[in-house]
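Reader: I'm new to protein structures and I'd like to learn how to read one. Could you walk me through it, a feature at a time?

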Amino acid sequence: MILKTCLTWIGWGLLCFNCLFTSCTSTKNAVYFSDVKDTVLSPVDGNFEPRIQKNDILQINVSSLNPEDVIIYNVSNMTSASGAGGANAGAGAMLGGFLVNDQGFIQYPVLGPVKVAGLTKKALTDYLHDQLTTRKLLVDPVVSIRFLNYRVTILGEVSKPTVVNVTNEKISILEALGMAGDITVFGKRNNLLLIREVDHERIIRRIDLNDKRILNSPYYFLQSNDILYVEPNKSKIATADRSRQILPIALSSLSLLVIILDRLVINK
């Protein structure tokens, strides 16, 4: 009878222990865009185009009527105006592109140093086309540019924290979160942290995915090297605190019960 009673108390104890670590999360805060109804939103800037930043690696291809004339322009040159080196240079050499140095320049064949930081791909394409044409270096050149290291980092309360390589050079917050396995039930959907570096300044913005205004925000699309951090909510923090406080006590209590049961069995 005593053994049965002790086992019953152990069962109830484990059930209570489990309840202590089970927290309720507001349904309103667990869904995206809870304030969105059937509507038509104004489009986000359809001409969104990322700007070239320092340490970007660019693939620049040039074609013309005479293929032999463009060979020199399609040889990747990793030498920057300040002398590229270290990890960045190694990554750039592996990718085979033009590294934008700390002064915002690339060393382009024949043209020499070209300031590219802050330009869009279209602006740089037009500039190179004009230079190659006006200097009579090529006839009717066609210039195409791609980012080789366009990536964003997703950290915090997501299923799979990751660095996302963006091959199409355009990614929204929702796409990035999807690639990271989505926000867990313990993540704050109404207070994400976005870190973006522009001209040596770090821009910090808070993102509320429960607010439909983010769909028209300039931060809806992520830029290269953006960092998106999902903070844990109060439930996760409270659970962690309770685990540190209660777990040692619970384990000690269970150990004591095991000792008592052992003594009872021996005495029988």
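Author: Sure, let's begin with sheets. Two strands count as paired if DSSP finds at least two bridges between them. Keep in mind that this is a predicted model.

Reader: Before we zoom in, how many helices and strands are there in the protein?
Author: The protein has six helices and 12 strands. Of its 268 residues, 33% count as buried.

Reader: Okay, back to sheets. How do strands hold on to each other in general?
Author: Strands of a sheet pair through backbone hydrogen bonds, and the pairing is either parallel or antiparallel. Here, three strands make an open sheet in the order β2-β1-β5, and their pairing is antiparallel. At the edges sit β2 (98–99) and β5 (142–147), each pairing on one side only.

Reader: Over how many bridges do β1 and β5 pair?
Author: They pair over six bridges, in the antiparallel sense. If you want one to look for, find Asn61, whose bridge partner in β5 is Ser144. Then look for helix α4 (residues 121–134), which lies across β1 and β5 and runs at about 145° to β5.

Reader: Which strands form the open sheet with mixed pairing?
Author: That one has five strands, in the order β7-β6-β12-β9-β10. Its edge strands are β7 (162–165) and β10, each with pairing on one side only. From one strand to the next, the twist averages 20°. Strand β6 (residues 151–156) pairs with β7 in the antiparallel sense over four bridges, and Ile154 has Thr162 as its bridge partner in β7.

Reader: Got it. What tends to happen to nonpolar side chains?
Author: In soluble globular proteins, they tend to be buried together. In this model the largest nonpolar core has 45 residues, and Ile60, Tyr108, Ile154 and Leu177 are those with the most contacts inside it.

Reader: Which residues is Ile60 in contact with, leaving aside neighbours within four places in sequence?
Author: Among them are Tyr73, Phe98, Ile106, Tyr108, Leu128 and Val143. Ser144, the bridge partner of Asn61, is also in contact with Ile60.

Reader: Some of those have rings. How do you describe a pair of aromatic rings?
Author: You give the distance of the centres and the angle of the planes. The count here comes to four aromatic pairs. Take Tyr73 and Tyr108: their ring centres are 6.1 Å apart and their planes are at 25°, so the pair is stacked. Planes under 30 degrees apart count as stacked.

Reader: Where in the chain do Tyr73 and Tyr108 lie?
Author: Tyr73 is in the loop between β1 (57–63) and α3 (86–95), while Tyr108 is in strand β3 (residues 105–108). They are 35 residues apart, so this pair links distant parts of the chain. Both Tyr73 and Tyr108 are buried, and together with Phe98 they form one aromatic cluster.

Reader: And why is the pair of Tyr220 and Phe221 edge-to-face?
Author: Their ring centres are 5.2 Å apart and their planes are at 75°, so the pair counts as edge-to-face. The cut-off for that is over 60. Tyr220 is buried at 14% relative accessibility, and Phe221 is buried at 13%.

Reader: Last topic: charges. What can side chains of opposite charge do?
Author: They can pair when their charged atoms come close. The count of salt bridges here is seven. One of them joins Lys122 and Asp126, with the closest N and O atoms 3.1 Å apart. Both residues lie in helix α4, four residues apart, about one turn of the helix.

Reader: Is Lys122 buried or exposed?
Author: Lys122 is exposed, at 53% relative accessibility, and Asp126 is partly exposed, at 36%.

Reader: Which residue does Asp226 meet in a salt bridge?
Author: Asp226 meets Arg196, at 2.7 Å from N to O. This pair links distant parts of the chain: Asp226 is in the loop between β11 (221–222) and β12 (227–230), and Arg196 is in strand β9 (residues 192–198). Both Asp226 and Arg196 are buried.

Reader: Which residues do shared partners join into one network?
Author: Lys188, Arg206 and Glu231 are joined that way. Within that network, Arg206 and Glu231 meet at 2.6 Å, N to O. Arg206 is partly exposed, at 47%, whereas Glu231 is buried, at 16%.

Key
Residues are numbered from 1 along each chain as its sequence is written. This is a predicted model: local features need pLDDT of at least 70, side-chain atom pairs count only at pLDDT 80 or more; totals for chains, interfaces and linings use all residues. Side-chain values use heavy atoms; hydrogens and water are left out. Rings of Phe, Tyr and Trp (its six-membered ring) pair if their centres lie within 6.5 Å; planes under 30 degrees apart count as stacked, over 60 as edge-to-face and the rest as tilted. Helices (H or I, at least four residues) and strands (E, at least two) are DSSP runs, numbered from the N terminus. Buried means under 20% relative accessible area, exposed over 50%, partly exposed in between (1.4 Å probe, protein chains only). A nonpolar core is a set of buried Ala, Val, Leu, Ile, Met, Phe, Trp, Tyr and Cys residues joined through side-chain atoms within 4.5 Å. Contact means heavy atoms within 4.5 Å. Axes are lines fitted to C-alpha atoms, for helices over the stretch in contact, and angles run from 0 to 180 degrees between N-to-C directions. A salt bridge is a side-chain nitrogen of Lys or Arg within 4 Å of a carboxyl oxygen of Asp or Glu.
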